[in-house]
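Hi everyone, thanks for coming. Today I'd like to walk you through one structure, so please have a look at it with me.

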Amino acid sequence: MPAQPSRILFVCLGNICRSPLAEGIFRSAVEKAGATDLFAIDSAGTGAWHVGNSPDPRSVATAARHGIDISDQRARAVSSTDFESFDLLLGMDRSNVATLHGRAPAGAAHRVHLFLDYAGIGRLDVPDPYYGGDDGFEIVYRMLQEASDALALKLGARGASTPSSGQASSIT
Ligand code: 4NP
């Protein structure tokens, strides 16, 4: 049985709004499943404008309302080594995915996917909430929560604390 992808990089444009939320939500799901040791989880941006910055305060507040602390995260840009270091690079929207495909070295394009599509939710973008109001962050949170739960199930994180842990069905 092929090994499950376990090194997951969530990618958006700035790495201050969507992908930090995705990282925090998926990390929380994996922790709840007792599967922390089985996964490496990170996030990055295709752009470098916010490198070193904390997540957007609206993302921090939205996560906090749901009991998740993402305040320690710091933005970084996607690097060429990410295409080796991670099994999956999950873009928040089709623009992110197109940028990643343009940067992917030969043989690494299969690691790049649209997050909600890969999670089985549908071929949907997670909308960029940066220029909108606070309600956009809650909408994004709910999309990411649903996709994160589906991803955890797909990758076998659910029930990872049981004896059959890590042996969930293979992915395509
Ligand atoms: P993110 O949102 O890609 O979800 O982090 C954005 C953050 C910053 C900018 C655009 C999108 N910006 O243009 O600075």
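I'll talk about the nonpolar cores and then the cysteines.

A word on the source: this is a predicted model, where local features need pLDDT of at least 70 and side-chain atom pairs count only at pLDDT 80 or more, while totals for chains, interfaces and linings use all residues. Residues are numbered from 1 along each chain as its sequence is written, and side-chain values use heavy atoms, leaving out hydrogens and water.

In soluble globular proteins, nonpolar side chains tend to be buried together. By a nonpolar core I mean a set of buried Ala, Val, Leu, Ile, Met, Phe, Trp, Tyr and Cys residues joined through side-chain atoms within 4.5 Å. Buried is under 20% relative accessible area, exposed over 50%, and partly exposed in between, with a 1.4 Å probe and protein chains only.

The largest nonpolar core here has 33 residues, and I8, F10, F26, F39, F115, L144 and L151 touch the most other members. At least two residues each come from β1 (7-12), α1 (18-32), β3 (88-91), α5 (115-119) and α6 (134-154). Helices (H or I, at least four residues) and strands (E, at least two) are DSSP runs, numbered from the N terminus. The biggest giver is α6, with seven residues. Apart from this core lies another, of 13 residues, including V11 and F83.

Now, how many disulfides does a search of the whole structure find? Zero, where a disulfide is a pair of cysteine sulfur atoms within 2.5 Å. For C12, the nearest cysteine sulfur is that of C17, 7.0 Å away. C12 is buried, at 2% relative accessible area, and C17 is buried too, at 5%.
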